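Here are a few warm-up exercises for getting to know a new structure. Have a look at the chain below, try each task yourself, then read on for the solution.

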Amino acid sequence: MPISRHFEIVYMLLHKKKITAGELAEHFEVSTRTIHRDIDILSAAGIPVYSSKGKGGGISLLDGYVFNASLLTNREQDDILMAMQTLVATEFPDTEEVLSKLARLFKKEKSSWIEVDFSPWGSEESYRHVFPLLRQAIADHLSLTFRYYSAAGKQSTRIVEPVQLIFKSNAWYLACHCLTSDDSRVFKISRMREIVITGHHFKPKPPVASIDLAEENTVRDAVDVTLRLSVEGAYRVYDEFSPAMITVNEDSSFTIQGAFPIGTWFIGYLLTFGTLLEEVAPEHLRAKLLAHLDVMRSKLGSGLSER
């Protein structure tokens with residue numbers, strides 16, 4: 001990534017008297033033209049870096065220039081290192097080496113205050129590769145193709161230009177421009193399958209209000225729902241619902257009120273509560289849930305009778 005490359009160029013120049021554009025290009029595996037563009041960017045940022053041509057020429061810093069870490073307070077240095085540790089935890093490219101160099105410049109121990117694993121508990125190893133793949137596609141502006149399963153149970157094949165990863169309501173989403181529907185879309189990552197980077201580069205479009213779009217897609221067909229859960233379900237109530245949705249009743253049971261998209265997914269979600277679920281409203285939702293249970297009872301019962 002350019003930011004880490006710019007930092008490393010300065011770091012290398014601080015430790016070497018002079019270095020050629022060719023050597024830098026070989027080190028970073030980019031063209032000399034890219035290196036000269038980086039030098040222009042650093043100069044514009046106030047770093048006294050210059051290049052000289054001819055025999056013995058190269059790129060160097062102004063004599064006497066040093067990086068003065070004392071210009072930053074101890075707290076500011078800690079804040080910078082913590083910010084870098086956050087990027088390392090999210091496996092952002094090329095940040096581990098930058099963090100190590102900053103820690104040496106600040107003469108501080110490199111201890112991590114955060115650890116992040118994007119994959120769910122018990123997930124397969126293949127799922128752990130999804131986030132680095134999506135990160136690469138977003139950072140390098142590469143389109144993706146995947147199969148998607150909607151909350152209504154419909155399957156579709158999508159080609160998208162990824163924009164941003166979103167974490168909302170205990171789930172990860174991918175905000176993107178969907179070429180299949182020619183519109184901005186937000187897809188739930190757990191429902192994406194066979195994700196492939198196409199290799200096609202795209203020009204990034206102006207960002208959309210991704211969080212708002214995720215909320216809009218979630219509640220577009222939502223219905224006001226009231227649930228009552230027994231006191232034994234407290235661990236799930238506090239894990240899965242916001243405080244504004246929860247009312248504690250006199251018998252210590254819980255009443256949950258909120259808007260939910262009524263579909264196959266939500267019926268299945270309600271079934272996961274089992275005997276913790278004591279009441280469901282409105283009536284048509286309760287009827288759907290009971291009908292679903294009847295179908296399950298019929299299928300499971302016929303399976304037993306065949307044995």
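**Exercise 1: The two sides of helix 3**

Arg 33, Asp 40 and Ala 44 are exposed on one side of helix 3. Keep in mind that this is a predicted model.

*Task.* Work out which residues of helix 3 are buried, and why they line one face of the helix.

*Solution.*
- Step 1: Find the helix. Helix 3 covers residues 32-44, which makes 13 residues. From first C-alpha to last it reaches 18 Å, close to the 18 Å expected at 1.5 Å a residue.
- Step 2: Pick out the buried residues. In helix 3 these are Thr 34, Ile 35, Asp 38, Ile 39 and Leu 42.
- Step 3: Look down the axis. The buried residues of helix 3 fall within an arc of 145°, so they line one face.
- Step 4: Recall the general rule. With 3.6 residues a turn in an α-helix, residues three or four places apart point the same way.
- Step 5: See what comes next. Gly 46 follows helix 3, and its phi is positive, near 95°.

**Exercise 2: Placing Arg 236**

*Task.* Decide whether Arg 236 is buried or exposed, and list what Arg 236 touches beyond four places away in sequence.

*Solution.*
- Step 1: Locate the residue. Arg 236 sits in helix 9, residues 234-240.
- Step 2: Check the accessibility. Arg 236 has a relative accessible area of 12%. Buried means under 20%, so Arg 236 is buried.
- Step 3: Collect the contacts. Leaving out residues up to four places away in sequence, Arg 236 touches Phe 241, Tyr 269, Thr 272 and Phe 273.
- Step 4: Try a C-alpha distance too. Leu 276 is 40 residues from Arg 236 along the chain, and their C-alpha atoms are separated by 9.8 Å.

**Exercise 3: A patch on the surface**

*Task.* Find which residues form a nonpolar patch together with Met 296, and say how Met 296 counts in terms of exposure.

*Solution.*
- Step 1: Met 296 belongs to helix 11, residues 283-306.
- Step 2: Leu 290, Leu 293 and Leu 300 join Met 296 in the patch, and the four together have about 350 Å² of accessible area.
- Step 3: Met 296 has 34% relative accessibility, so it counts as partly exposed.

**Exercise 4: The whole chain**

*Task.* How many helices and strands does the protein chain have, and what percentage of its residues count as buried?

*Solution.*
- Step 1: Count the elements: eleven helices and eleven strands.
- Step 2: Turn to burial: 34% of the 307 residues count as buried.
- Step 3: Finish with the surface. The chain exposes about 19,100 Å², and carbon and sulfur atoms supply 55% of that.

Methods
Residues are numbered from 1 along each chain as its sequence is written. This is a predicted model: local features need pLDDT of at least 70, side-chain atom pairs count only at pLDDT 80 or more; totals for chains, interfaces and linings use all residues. Side-chain values use heavy atoms; hydrogens and water are left out. Helices (H or I, at least four residues) and strands (E, at least two) are DSSP runs, numbered from the N terminus. The expected span of a helix is 1.5 Å times one less than its number of residues. Buried means under 20% relative accessible area, exposed over 50%, partly exposed in between (1.4 Å probe, protein chains only). The arc is that of the directions from the helix axis to the C-beta atoms. Patches are made of residues with over 30% relative accessible area and no salt bridge: like charges are joined within 9 Å, nonpolar side chains (Val, Leu, Ile, Met, Phe, Trp, Tyr) within 5 Å. Accessible areas come from the Shrake-Rupley method with a 1.4 Å probe; for residues, only the protein chains shown count as cover. A salt bridge is a side-chain nitrogen of Lys or Arg within 4 Å of a carboxyl oxygen of Asp or Glu. Contact means heavy atoms within 4.5 Å.
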